[in-house]
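User: Hi! Could you walk me through this one? I'd like to start with how the helices pack.
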Amino acid sequence: MTMTLFDHFKFTFLDDGFCARDIVDQKINESTSSDDKDAFYVADLGDILKKHLRWARALPRVTPFYAVKCNDSQTVLRTLETLGTGFDCASKTEIQLVQSLGVESSRIIYANPCKQVSQIKYASAHGVQMMTFDSEVELMKVARSHDNAKLVLRIATDDSKAVCRLSVKFGATLKNSRLLLERAKELGLDIIGVSFHVGSGCTDPETYTQAIADARCVFDMGAELGYNMTLLDIGGGFPGTDKFKLTFEEITAVINPALDKYFPADFGVRIIAEPGRFYVASAYTLAVNIIAKKVNMKEQSGSDDKGNVTSDRTLMYYVNDGIYGSFQDVIRGYEHVTPIVHKKMKPDELMYPCTIWGHTCNDLDRIVELCNLPEQQVGDWLLFENMGAYTVAASSTFNGFQKPDIHYVMSRSAWQCMQQIHGHCKCESTLEPPA
């Protein structure tokens, strides 16, 4: 494996036949003789490329504007910039970060409906024109603070079947949408389109059909008032793994016909989306070390409802990361993480009920309430897959615990394909999207 720096990319080239898991094993083996067994990530940039190719095949009419809030790693952002995505920014800092990588302002949407005045002025001064709104107060702030805003009206959706609901906080009703369009006309503001978000972890793809139909209704309202709307933003919330209730393709199989019905290709509307989790979740693997252990004895053993003998011992493991760090989604209820034992199991090894705790002194810091694992010892490692979304970006240093280091890897074929895409050449890659 060779550490390489290309165009500000710093990552390890994977030799033929090697994968990201091999780097995890290598890093763990290197720590064997040391007490410094800090948690760490291995991130496969090639997996992000696979997701990009998968997106292009499944949603050919929709341009992705990556949601920076999901994972703001500069290496991830450089990868996506090379692939030609746009960027969904929610703050001045995110705009600064993306523009520091050379991203043109036309590839940025300031997709936060409720913005601080000073940050609206910053966007104006730095050429970021596209921005969302959902209230009259926001319209008035923009009218006073931005010289040439291109506004996108965010509408509410029925997100009752999503894991993380956003329309309780953001989005205008159809009735209020007409009033907002009229008020924008009075203020002389330019409304260029409509956006929505069906919530993260949507379990009913038909929600998209209704949201797209509602967006078309608002487009028609705008036309009546003299607006020439040219942008539809279908938001984010797409699953990052195929372990979710709905696969990405099951969702896009509903989105595409709805787009063709309400916004046909000859309608002249540019369609974008704000995927975050979709791009980065499966790229990251987290390795944590067991730093402490407790054994709790039951009064007696017994049998479960399947007739299996249950243990008279339950184990509690404490690891060097937690819900104030990489496991924020556990609190939100989006992710139910599953640990993978790193050391090789014996064929007849007994399994024990376990609880896994984080390393802070807070009683809420419980990563896994109950799982079955073979008995582990202090110094052993546990792995967690699909850890790229709302982990690195959302983690804190509560109790003084630092964030895990990240080791980036990529295969040579993935790097070559990225360069072809960046050079606007047809990419005949051997990389196939995940099944």
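Analyst: Happy to. One definition before the helices: a crossing is left-handed if the near helix is turned anticlockwise from the far one by less than a right angle, and right-handed if clockwise. Keep in mind too that this is a predicted model.

User: Got it. Which hand does the crossing of α7 and α8 have?
Analyst: The α7 and α8 pair crosses in the right-handed sense. The angle there is about 30 degrees, and the two axes are 10 Å apart. Angles under 35 degrees count as roughly parallel, so α7 is roughly parallel to α8.

User: Which residues of α7 and α8 meet?
Analyst: From α7 you have Leu-174, Ser-177, Arg-178 and Leu-181, and they meet Asp-214, Val-218, Met-221, Gly-222 and Glu-224 of α8. Sorted by class, that contact holds four nonpolar, two polar and three charged residues.

User: Nice. And at what angle do α8 and α9 pack?
Analyst: About 20 degrees, with axes 8 Å apart; α8 covers residues 206-224 and α9 covers residues 248-262. The two are therefore roughly parallel to each other, and their crossing is right-handed.

User: What does the contact of α8 with α9 look like by class?
Analyst: On the α8 side are Glu-206, Tyr-208, Thr-209, Ile-212, Ala-213 and Arg-216, and on the α9 side Ile-251, Val-254, Ile-255, Ala-258, Leu-259 and Tyr-262. That contact has nine nonpolar residues, one polar and two charged.

User: How about α2 and α12, how do they pack?
Analyst: Helix α2 (residues 45-58) packs on helix α12 (residues 412-422) at about 50 degrees, and their axes are 10 Å apart. That pair is therefore oblique, with a left-handed crossing. Gly-46, Leu-49 and Leu-53 of α2 meet Ala-414, Cys-417, Met-418 and Ile-421 of α12. The class split for this contact is six nonpolar, one polar and no charged residues.

User: I see a cysteine in there. How many disulfides does a search of the whole structure find?
Analyst: Zero. A disulfide needs two cysteine sulfur atoms within 2.5 Å. For Cys-354, the closest cysteine sulfur belongs to Cys-371 at 5.1 Å, which is too far for a bond.

User: And how far is the sulfur of Cys-19 from the closest cysteine sulfur?
Analyst: That distance is 19 Å, to Cys-417, so it is too far for a bond.

User: Are Cys-19 and Cys-354 buried or exposed?
Analyst: Cys-19 counts as partly exposed, at 38% relative accessibility. Cys-354 counts as buried, at 1%.

User: Switching topic: where is Phe-278 found?
Analyst: Phe-278 sits in helix α10, residues 277-280. With a relative accessible area of 1%, Phe-278 is buried.

User: What does Phe-278 touch?
Analyst: Leaving out residues up to four places away in sequence, Phe-278 touches Lys-51, Arg-54, Trp-55, Phe-238, Pro-239, Gly-240 and Phe-248. If you want a distance across the model, the C-alpha atoms of Phe-278 and Glu-186 are 39 Å apart, with their positions 92 residues apart in sequence.

User: Let's talk backbone. What is the phi of Tyr-390?
Analyst: Tyr-390 has a positive phi of about 55 degrees, although it is not a glycine. Most residues other than glycine have a negative phi, so that is one to look at. Tyr-390 lies in the loop between β21 (381-384) and β22 (405-411).

User: And where does Asn-399 lie?
Analyst: Asn-399 lies in the loop between β21 and β22. Its phi is positive too, near 70 degrees, and Asn-399 is a residue other than glycine.

User: Are Tyr-390 and Asn-399 buried or exposed?
Analyst: Tyr-390 has a relative accessible area of 19%, and buried means under 20%, so Tyr-390 is buried. Asn-399 counts as partly exposed at 40%.

User: Last one: where does Gly-188 lie?
Analyst: Gly-188 is in the loop between α7 (174-187) and β10 (190-195). Its relative accessible area is 62%, so Gly-188 is exposed. From Gly-188 to Glu-136, 52 residues apart along the chain, the C-alpha separation is 13 Å.

Terms used. Residues are numbered from 1 along each chain as its sequence is written. This is a predicted model: local features need pLDDT of at least 70, side-chain atom pairs count only at pLDDT 80 or more; totals for chains, interfaces and linings use all residues. Side-chain values use heavy atoms; hydrogens and water are left out. Axes are lines fitted to C-alpha atoms, for helices over the stretch in contact, and angles run from 0 to 180 degrees between N-to-C directions. Helices (H or I, at least four residues) and strands (E, at least two) are DSSP runs, numbered from the N terminus. Angles under 35 degrees count as roughly parallel, over 145 as roughly antiparallel, 65 to 115 as roughly perpendicular and the rest as oblique. Contact means heavy atoms within 4.5 Å. Ala, Val, Leu, Ile, Met, Phe, Trp, Tyr, Cys and Pro count as nonpolar, Asp, Glu, Lys and Arg as charged, and the others, Gly among them, as polar. Buried means under 20% relative accessible area, exposed over 50%, partly exposed in between (1.4 Å probe, protein chains only).
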